[in-house]
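Here is a walk through two chains and how they fit together. Have the sequence open next to the 3D view as you read.

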Amino acid sequence: MAKVNLNREPMAKQDPKIRGRNFNEVALGYSAEQAKAEASRCLQCPKHPCTDGCPVEINIPGFIKAILDDNMPEAVRILKDKNSLPGICGRVCPQETQCEQACSLAKKGAPIAIGRLERYVADWERTNMGALNPKAMPPKPTGKRVAVVGSGPAGLVASADLAKLGHSVTLFEALHVAGGVLMYGIPEFRLPKEIVQTEVAYVTSLGVKIELDSVVGKVVTLDELLKSGYHAIFLGTGAGAPMFMDIPGENLNGIYSANEFLTRVNLMKAYKFPEYDTPVVVGRRVAVIGGGNVAMDSARCALRLGADEVYIIYRRSEAEMPARREEVENAREEGIQFKLLTNPKRYIGNESGWVTGIECYEMELGEPDESGRRRPIVKQGSEFILEVDMVVAALGTRPNPLIAQTTPDLKTARHGTVIADEITGKTMKDKVWAGGDIVTGAATVISAMGAARRAARDIDEYLKGI
Amino acid sequence: MFRIIYRETLAAKIHLFKMEAPAIAKKAQAGQFVVVRIDDRGERIPLTLANWDGKEGSVTLVFMEVGATTFRLALLKAGDSVADLVGPLGVPTHIEKFGTVVCVAGGVGAAPIAPIARALKEKGNKIISILGARSKNLLFWEDKLRSVSHRLIVTTDDGTYGRKGVVTEPLKELLEGKEKIDRVIAIGPSIMMKFCALTTRPFGVKTIVSLNPIMVDGTGMCGCCRVSVGGVTKFACVDGPDFDGHQVDWDLLFARQRTYLNEEKRSFEQWQAQVGKRC
Ligand SMILES: Cc1cc2nc3c(=O)[nH]c(=O)nc-3n(C[C@H](O)[C@H](O)[C@H](O)COP(=O)(O)OP(=O)(O)OC[C@H]3O[C@@H](n4cnc5c(N)ncnc54)[C@H](O)[C@@H]3O)c2cc1C
Ligand SMILES: Cc1cc2nc3c(=O)[nH]c(=O)nc-3n(C[C@H](O)[C@H](O)[C@H](O)COP(=O)(O)OP(=O)(O)OC[C@H]3O[C@@H](n4cnc5c(N)ncnc54)[C@H](O)[C@@H]3O)c2cc1C
Ligand code: SF4
Ligand code: SF4
Ligand code: FES
């Protein structure tokens, strides 16, 4: 075996000082040479532990070899065999806890940059293959109709898979664009919206009909859909309802949920106000509460909108932060300040109802809790005041109850998640499947896609039998 | 795209649009609203359903020009379309037989209250309506409200039509009168709803108001529409918009409604300048 190369090929990024003021993509992607250099480090392990670390079991050594062989169409084919949204996953998957963690070279601290290679292949496809992609033979129509609700990664994958099998699919989306969190949550500088819309266009090209502006549970209920002739329903409505801490002052002006802030900025393009009509107020000193991807995205958006100081306030330590490591590093490079082991006690406002400060506690870590992470405990008497003029609460989300409220026989668990079989996604309600954040609570793009794919398979089995 | 089938100007700066929206029309109930977005640059604004027709597949909206979006909306003609119309959103107004219900409408509130009064009347309630406006040129739908009420009192602040004064005056007289009032429903500017609630409170008459905080999605996704009712935070778009007026934290509502005053002004001026140039 050749000598193992432990030099991970770095990916070029925009300079932190410059990117902190624009919404263009931060990471610039590999060149062909870089991709090959990185691919050449792969050991082609016969047992491919990397594949086991990927929730959708991509043949990772296979696509990497195709890059080395200069056979890009083959690399695309291998990736797409398991993952219909590689351009998205390559950018946003938490690789360090999935494929790259499992890579044989991880022990040596230099796993293959699988995500970056995946992104490289997907971007190659977008620029080169569109035209040369031979139109697949349309499948024979089965005459079966499926309603898919929600157009996030789960809904898009379920729709595509079912349409490819010849079923007639209608995708219902509450918002005015399709894409779910990929459109309204994850910012442009991390996931260009054009990439998401390319995937949406692909789904439409398979014959899927997308009904925007359709809030299921309001304009039509699940039972009405079934009665009107749909043979099955897949629910991929995510976990879009924001949580708050329920502490004094939380409704002051200038305190946004991350969902509201990110929706205004990303979906409604408030960063281009007044060219776009939707405004957003950005403070000079901004605090973001939370330690996940949502918190990092909010903090980095606030910076890009012109805030002078942006703080992340997180009640545990950096080791417990659920955000992707790469994004924590990016945030730090851009100048986001981390106030760890800190938690808000209450918000302070002025006479006109605007937030002016946060009274915080210092925290310390105790014994591990149910999540396996050490439980944060308030340090008594440690209160201090942080002056801020804007706050974004990124405290987690839960499924929106609109559908469950109008569908009594759809069973839900604590926190409103829909109960569904772990493998098949079948819910307790006849003819209804579910997958993604609606079942698991806020999780990842790739897990939502995996669940949708398994559910689509089970729905297809069911449709064949009726 | 959602087409405007018919439009009419009802009063100064108050317009009616009948929109093609068959799916919404089929499900609409009194007290619900829709979210409108004019085009790709537009923001999402909530407007209450003033009427709907399941057979025709249409919904009717009545709005007042107060800022950029409503100004832009008012420039549209019959046959034009808006990009998005989402609904019916919100919990429908609670309709049952209460007895005697006073429906108080202020300004543009005459539109949303009409279907509520109609539904309550159909349930067998006695409806006394109070319709108020600042001045005669802002009054509309007097006939419509009369047709769904047993009695109608009209007021104008400046006395140019009907009784001179504000709506809370006849409301107070009704509460003090012989007839038992079982419920009050007040829809209009926030300040008017607050004063209606203050008027009814000493009489212990349940008073429902339809809150109008700033909204974005209207589906419970953003929390922009947070209001505090009975000390508990609610999302007006999914928990309301109807709430018990005696429990509402009005100061919080007023403060939050003022969040974007500066931006609203800037946006409005920009649009006026742009449209001015075009003409
Ligand atoms: C800011 C942010 C950053 C993130 N960063 C990452 C990351 O870096 N990596 C990662 O893997 N994951 C990340 N995630 C998590 C990831 O985006 C989600 O786990 C994933 O999008 C879940 O997909 P889904 O299809 O289940 O739901 P969603 O993407 O939430 O899509 C659900 C869709 O359903 C629609 N809907 C809801 N209710 C209804 C209804 N009643 N009728 C019709 N439509 C409805 C919604 O409008 C939405 O479009 C992030 C999430 C956020 C918010
Ligand atoms: C549930 C609900 C139902 C409503 N029904 C009607 C109706 O039937 N007819 C009608 O004329 N008006 C109605 N409104 C108010 C209407 O939504 C606002 O007048 C409109 O959004 C103003 O937009 P603008 O850009 O023209 O004005 P702006 O300049 O943006 O704002 C002017 C005023 O409108 C308020 N406002 C601004 N944006 C919003 C928003 N997105 N949501 C709510 N309020 C906002 C502001 O607090 C401000 O006081 C309703 C509001 C709600 C919440
Ligand atoms: S989909 Fe995600 S986990 Fe799987 S190989 Fe790609 S980046 Fe890794
Ligand atoms: S484990 Fe790592 S080195 Fe081995 S095949 Fe997978 S990517 Fe290549
Ligand atoms: S408007 Fe977004 S939650 Fe109510």
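## First, what "buried" means

Buried here means under 20% relative accessible area, exposed means over 50%, and partly exposed is anything in between. Keep in mind that this is a predicted model.

Try the cut-off on T168(B), which sits in helix 5 (residues 168–176) of chain B. Its relative accessible area is 17%, so T168(B) counts as buried. Setting aside residues up to four places away in sequence, T168(B) touches F195(B), C196(B) and T199(B).

## Chain B as a whole

Chain B has 9 helices and 16 strands. Its radius of gyration is 18 Å, close to the 19 Å that the globule rule gives for 279 residues, so chain B is as compact as a globular protein of that length. Laid along its principal axes, the C-alpha trace of chain B spans about 60 × 40 × 40 Å. If you count up its 279 residues, 59% come out as buried. Take the contacts in chain B with a separation of 6 or more: 65% of them involve residues 24 or more positions apart.

What about the outside? The accessible surface of chain B is about 11500 Å², and carbon and sulfur atoms own 52% of that. Chain B carries 39 positive and 30 negative charges, and the mean positions of the two sets are 1 Å apart.

## Helix 6 of chain B

Helix 6 covers residues 190–200 of chain B, and it's mostly covered, with 8 of its 11 residues buried. Among the buried ones are M192(B), M193(B), C196(B) and T199(B). Two of the names should ring a bell, as T168(B) touches C196(B) and T199(B).

Which elements do the covering? For the buried residues of helix 6 of chain B, they include helix 5, strand 8 (100–106), strand 12 (183–187), strand 13 (207–210) and helix 8 (250–257) of chain B.

## Helices 13 and 14 of chain A

Over in chain A, helix 13 (residues 258–267) is mostly covered too: 10 of its 10 residues are buried. That list includes E260(A) and R264(A) along with F261(A), L262(A) and V265(A). The buried residues of this helix pack against several parts of chain A, including helix 10 (181–184), strand 5 (241–242), strand 6 (255–257), helix 14 (293–304) and strand 14 (390–393). Just after helix 13 of chain A, K269(A) takes a positive phi of about 55°.

Now look at the packing from the side of helix 14 of chain A, where V294(A) is found. Is V294(A) buried, exposed or partly exposed? With a relative accessible area of 40%, V294(A) is partly exposed. Beyond its neighbours within four places in sequence, V294(A) is in contact with A258(A), L262(A) and A394(A). Both A258(A) and L262(A) are buried residues of helix 13 of chain A. For a sense of distance, V294(A) and G179(A) are 115 residues apart in sequence and 17 Å apart in space, C-alpha to C-alpha.

## Where the chains meet

How many residues take part in the contact between chain A and chain B? On the chain A side there are 39, and they are in contact with 45 residues of chain B. Together the two chains bury about 3500 Å², with 52% of that area on carbon and sulfur atoms. Of the area that chain A buries against chain B, K218(A), N251(A) and D277(A) supply 21%, more than any other three residues.

Note on methods
Residues numbered from 1 in each chain as written. Chains lettered and ligands numbered in written order. Predicted model: local features only at pLDDT ≥ 70, side-chain atom pairs only at ≥ 80, totals over all residues. Heavy atoms only, no water. Helix = DSSP H or I, 4+ residues; strand = E, 2+ residues; numbered from the N terminus. Rg over C-alpha atoms; globule rule 2.2 N^0.38 Å. Buried < 20%, exposed > 50% of the residue type's maximum accessible area, 1.4 Å probe, protein only. Contact = heavy atoms within 4.5 Å. Areas by Shrake-Rupley, 256 points an atom, 1.4 Å probe, with all protein chains shown as cover. Lys, Arg positive; Asp, Glu negative; His and termini not counted. Charge placed at Lys NZ, Arg CZ, Asp CG, Glu CD. Buried area = accessible area lost by both parts, 1.4 Å probe.
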